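Work through the exercises below with the structure in view. Try each task before reading its solution.

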Amino acid sequence: MKVVSLFSGTGGLDLGLKQAGLDIIWANDLYADAVETYKKNIGDHIILEDISKISSEDIPECDVVVGGFPCQGFSQANMKRKADDPRNTLYLEMIRVIRDKKPKYFIAENVRGILSLDKGKVIEQIVSDFNSLDYNVSYSLLNCADYGVPQKRMRVIILGVRKDIPNDLVFPPEKTHSEKPDISLTPWFTVGQALAHYPDPDLDHNVPNHEYSNFKLKFNGHLGHRVIDPNQPSPTITGRGDEKGGVVVLHHPNNKRRMTVRETAAVQSFPDTFIFMGTKTSAYRQIANAVPPKLGYVLGEMLLKNR
């Protein structure tokens with residue numbers, strides 16, 4: 001199955017789809033460091049450009065279109081979010097590409113904030129817009145921890161299946177992990193387990209991206225200042241801040257320093273071989289804005305079962 005990826009960022013979703021067996025043939029993002037990271041780890045098929053400036057004719061034919069359209073205007077971390085935030089209309093570019101390329105499937109990803117924005121009217125409009133393209137559309141709020149990611153990351157996944165395609169998809173995908181495991185479900189993967197194999201970043205090591213923010217630790221319960229329980233999945237890794245700095249970096253589960261870039265990537269389920277380009281701050285932001293590859297893998301398996 002050939003995949004076109006919009007707003008691909010550093011490539012977390014694409015990596016997971018690729019690991020599941022899909023073929024990512026074209027990708028696009030506007031963040032230069034993320035594009036360089038993508039090229040180093042996934043491939044040269046990514047284009048650095050504003051999607052609104054790319055003609056649909058220049059995008060290859062495909063079976064699937066995926067996109068985590070920019071979510072700053074939707075995010076619950078953005079206390080000033082509004083239904084008319086111009087960033088909230090970028091999904092219309094995804095609408096355009098789907099309308100023009102007519103893939104068999106599309107997957108859109110976003111933050112849970114879109115479900116409550118404008119008292120639910122925004123998600124209703126988004127689904128209506130996708131439905132108008134002749135797709136059967138459904139959406140679900142997923143906890144990434146339920147799929148093996150060591151993080152309680154809640155994300156809305158919107159699935160579209162072209163109406164002429166037989167649809168036996170099981171959506172949302174069946175959980176693989178649980179806070180209360182049973183015979184069929186594995187216990188949640190904890191942040192302590194995920195980070196246990198890393199050496200002390202203050203000692204000599206050869207682990208790439210294993211450096212951390214020296215921003216003073218605080219323990220007030222607010223975003224980025226929480227005590228981390230090593231026996232639970234991590235709180236959500238966030239990309240709050242702007243290009244000049246100000247990213248939020250969670251405490252390490254020893255609660256004596258902040259997580260390194262490498263550790264943050266592990267919490268997002270990136271493999272240790274995945275190298276992030278740009279500054280430390282840029283790498284933190286790339287990771288925070290990514291879809292966990294393990295979630296991408298589960299979604300890829302879901303699609304392959306229906307082909």
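Exposed means over 50% relative accessible area, buried means under 20%, and partly exposed lies in between. Keep in mind that this is a predicted model.

**Exercise 1.** Classify the two partners of the salt bridge between Arg162 and Asp164.

Solution.
- Start with the contact. The closest N and O atoms of Arg162 and Asp164 are 2.6 Å apart.
- Take Asp164. Its relative accessible area is 53%, so Asp164 is exposed.
- Take Arg162. Its value is 21%, so Arg162 is partly exposed.

**Exercise 2.** Find the neighbours of strand 5, and say how each one pairs with it.

Solution.
- Locate strand 5 at residues 105–111; 7 of its 7 residues are buried.
- Look at strand 4, residues 64–67. Strand 4 runs parallel to strand 5, with 4 bridges. Here Val65 sits opposite Phe106.
- Now look at strand 7, residues 154–162. Its pairing with strand 5 is antiparallel, with 7 bridges. Here Glu109 has Ile157 as its bridge partner.

**Exercise 3.** Describe the salt bridge that joins strand 5 and strand 7.

Solution.
- Recall the principle: side chains of opposite charge can pair when their charged atoms come close.
- Name the pair. Arg155 and Glu109 form a salt bridge, at 3.2 Å from N to O.
- Place the pair. Arg155 is in strand 7 and Glu109 in strand 5, 46 residues apart.
- Check the surroundings. Both Arg155 and Glu109 are buried.

**Exercise 4.** Work out what the salt bridge between Asp272 and Arg262 ties together.

Solution.
- Begin with the distance. The closest N and O atoms of Asp272 and Arg262 are 3.9 Å apart.
- Place both residues. Asp272 lies in the loop between helix 6 and helix 7, and Arg262 in helix 6, so the salt bridge ties together parts 10 residues apart in sequence.
- Compare accessibility. Asp272 has 33%, so Asp272 is partly exposed. Arg262 has 0%, so Arg262 is buried.

**Exercise 5.** Examine the backbone at Asp134, Ser269 and Pro172.

Solution.
- Know the background. Most residues other than glycine have a negative phi, and most peptide bonds are trans.
- Read phi at Asp134: near 75 degrees, a positive value. Asp134 lies in the loop between helix 4 and strand 6. Its relative accessible area is 48%, so Asp134 is partly exposed.
- Read phi at Ser269: also positive, near 75 degrees. Ser269 lies in the loop between helix 6 and helix 7. Its accessibility is 12%, so Ser269 is buried.
- Turn to Pro172. The peptide bond from Phe171 to Pro172 is cis, with omega near 0 degrees. Pro172 lies in the loop between strand 7 and strand 8.

Notes: Residues are numbered from 1 along each chain as its sequence is written. This is a predicted model: local features need pLDDT of at least 70, side-chain atom pairs count only at pLDDT 80 or more; totals for chains, interfaces and linings use all residues. Side-chain values use heavy atoms; hydrogens and water are left out. Buried means under 20% relative accessible area, exposed over 50%, partly exposed in between (1.4 Å probe, protein chains only). Helices (H or I, at least four residues) and strands (E, at least two) are DSSP runs, numbered from the N terminus. Two strands pair if DSSP finds at least two bridges between them. A salt bridge is a side-chain nitrogen of Lys or Arg within 4 Å of a carboxyl oxygen of Asp or Glu.
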